[in-house]
Structure formats: structure tokens, C-alpha cells
Amino acid sequence: MVKNKNLSLMIAALTLFGLSPLPINALEQRPSKEIPIDEFVKETLQFAQIGNNQMNVAWYLPLEVFGAPPQPVLVIAVVKAEILSTDSFKFASQVETQKGLKVTYTDSSGKSIVLAQAPKNDDVDLFITEMKPFFTKLAGKFGEGMWFLTYKNVDASGKNIVSPYKPGKLKVSFNGKSATRQPESTVELPLNSLFVPRLCPNGKPAHISWKYCPWDGTPLTVK
């Protein structure tokens, strides 16, 4: 009960956009109140339209960014929608949404692993339940048909496989057994929105993945 109460307090803090920082290597993370929610959503929420009548949505939700303690699963919010008109959609059930869904992580060395579906533990279930209105509001109309799915995120040694702070790629594929290849949603990691931008000599911010300023070739260092 104490753990759940603490988690609820962290959720309340998030509602006020108080995202808590986690240290990583030598790169400087943004102070919690300075994490730009729009940029975070832009990096993690992916839309893929198939033809004129179908839309898939995948949203990587790293709970540690939102103040939750480390978890053995990662959360992907997914929508499969049939486009009926400009502002009208028919959303797939959870069972239909999960059909053919595959989540793959590729680390900085190029090694890929398909993440297995895993059940939600009590903490994750509580977090999702209390935060669902917040997340669905950010997703707009698609929030109405959003399903929060969980995947195993620990290796044999108990360490997290995917981290929003470490280099890699997280890919969500909707292909399944369909003969028609569907677009994949890919999130590039680490997330730029979580770090204080390094500045190039011209005063423009450098993306977290850059090693050199593209305007003049100046090497970018870490503190």
C-alpha cells in the first residue's frame, strides 16, 4: 500500500509536468520542469497511414521518464483504426490490435531482439489506470481507441533492455500475416527531449545523437 501511495504521488506530480530526471553517463539531462512535452510526444508518438482507410498508431511510453520506479516491462500504446471520414474512426478491439504486432529493439551495436509480451505488474497497472486520461488526451481523437500493451524489458541478468536514455532503435511492426506490407513505426533513442541541448558556435542547439555540428564541423563533447 505504501508503494502504491508513493506511485500515486508521483503520478500527481506528472500531471503538473514535473517529470523527474534520471542521470545518464556524462550527458546533462534537462531539469524535470524543462522537459518539453511537445517534443517528447513528437519523438515517441508515431502515426502510419495505410492507403486511404486505415491508420496505425504506436506510442512508446517510458514510465521512468514519468517518475515511475524501474520496471521489468516497457509500455507501448497502440491504436488500429479504420478511417470512416475526416474526423470519424472505427477502432479495433485489443485482440485485433495485438494480432501480428511485433516490437523489436536494436541496440547501438546492431544486435536486435524481439520483445515478448508480458503481463502488467500491479505498479504498472496502477500507473496506466491513473494516467490513461492524461495520455489519451495527448493522443487526441486516437486516444479513444488506445490499448496499453506491455513487453518484457529485462535480460537474463535482470538489466533493462530498452532505455530512453541510451542509443538504440525501437521498432513496432503491424505486419502480421497480411500480404500487404504495412509501415513500421520506429523510435530513435536516446530521446533528444530528455537532455539539455549542447550549443554549436552559431548558437543553434545540437541533437543528442550528433557528434559534430553540421554547420561548421565543430566536435561536440560531453561534460
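Helices here are DSSP runs of H or I with at least four residues, and strands are DSSP runs of E with at least two, both numbered from the N terminus. What you have open is a predicted model, in which local features need pLDDT of at least 70 and side-chain atom pairs count only at pLDDT 80 or more, while totals for chains, interfaces and linings use all residues. Residues are numbered from 1 along each chain as its sequence is written, and side-chain values use heavy atoms, with hydrogens and water left out.

**The whole chain**

Begin with everything selected: the protein holds four helices and 11 strands. Of its 223 residues, 43% count as buried, where buried means under 20% relative accessible area, exposed means over 50%, and partly exposed lies in between, using a 1.4 Å probe and protein chains only. Contact means heavy atoms within 4.5 Å, and among contacts between residues at least 6 apart in sequence, 61% join residues at least 24 apart.

**Helix 4**

Next select residues 122–138, which make up helix 4: its 17 residues reach 24 Å from the first C-alpha to the last, close to the 24 Å expected at 1.5 Å a residue, the expected span being 1.5 Å times one less than the number of residues. Just before the helix, select Asn121, which caps its N-terminal end with a side-chain oxygen 3.2 Å from the backbone nitrogen of Asp123. Moving along, stop at Met131, where helix 4 bends by about 55 degrees, with a proline, Pro133, following within four residues; the bend is the angle between axes fitted to the seven residues ending at that position and the seven starting there. Past the other end comes Gly140, whose phi is positive, near 70 degrees.

Which residues of helix 4 are buried? They are Asp123, Val124, Leu126, Phe127, Ile128, Met131, Phe134, Phe135 and Thr136. When looking at such a list, it helps to know that an α-helix has 3.6 residues a turn, so residues three or four places apart point the same way.

**From Phe135 to two strands**

Keep Phe135 selected and add Trp59. A search of the whole structure finds eight aromatic pairs, counted when the ring centres of Phe, Tyr or Trp (its six-membered ring) lie within 6.5 Å, with planes under 30 degrees apart called stacked, over 60 edge-to-face and the rest tilted. Trp59 and Phe135 form an edge-to-face pair, 5.7 Å centre to centre with 80 degrees between the planes. Because Trp59 lies in strand 2 (residues 54–61) and Phe135 in helix 4, this pair ties together parts that are 76 residues apart in sequence. Trp59 is buried, with a relative accessible area of 0%, and Phe135 is buried as well, at 1%.

Now add Phe148: its ring centre is 6.2 Å from that of Phe135 and the planes stand at 40 degrees, so the pair is tilted. Phe148 belongs to strand 7 (residues 147–152), so its pairing with Phe135 in helix 4 ties together parts 13 residues apart in sequence. For another group of rings, select Phe47, Phe89, Phe91 and Phe142, which ring pairs link into a cluster.

**Asn56 and Ser173**

Return to strand 2 and select Asn56, which is placed there and counts as buried at 0% relative accessibility. Asn56 and Ser173 are 117 residues apart in sequence, yet 9.9 Å apart in space, C-alpha to C-alpha. Ser173 is found in strand 8 (residues 168–173) and is buried, with a relative accessible area of 6%. Not counting residues up to four places away in sequence, Ser173 touches Gly100, Leu101, Lys102 and Glu184.

**The loop between strands 9 and 10**

Where does Pro190 lie? Pro190 is in the loop between strand 9 (185–189) and strand 10 (198–199), and the peptide bond leading to it from Leu189 is cis, with omega near 5 degrees. In this loop, also select Ser193, which counts as buried at 0% relative accessibility. A polar contact of 2.6 Å joins the side chains of Ser193 and Glu43 (a pair of N or O atoms within 3.5 Å; within protein, one must be able to donate a hydrogen and the other to accept it, and residues adjacent in sequence count only if both atoms are side-chain atoms).

**Lys90**

Finally, select Lys90 in strand 4 (residues 88–91). Is Lys90 buried or exposed? At 53% relative accessibility, Lys90 counts as exposed. Leaving aside neighbours within four places in sequence, Lys90 is in contact with Lys80, Ala81, Glu82 and Leu84.
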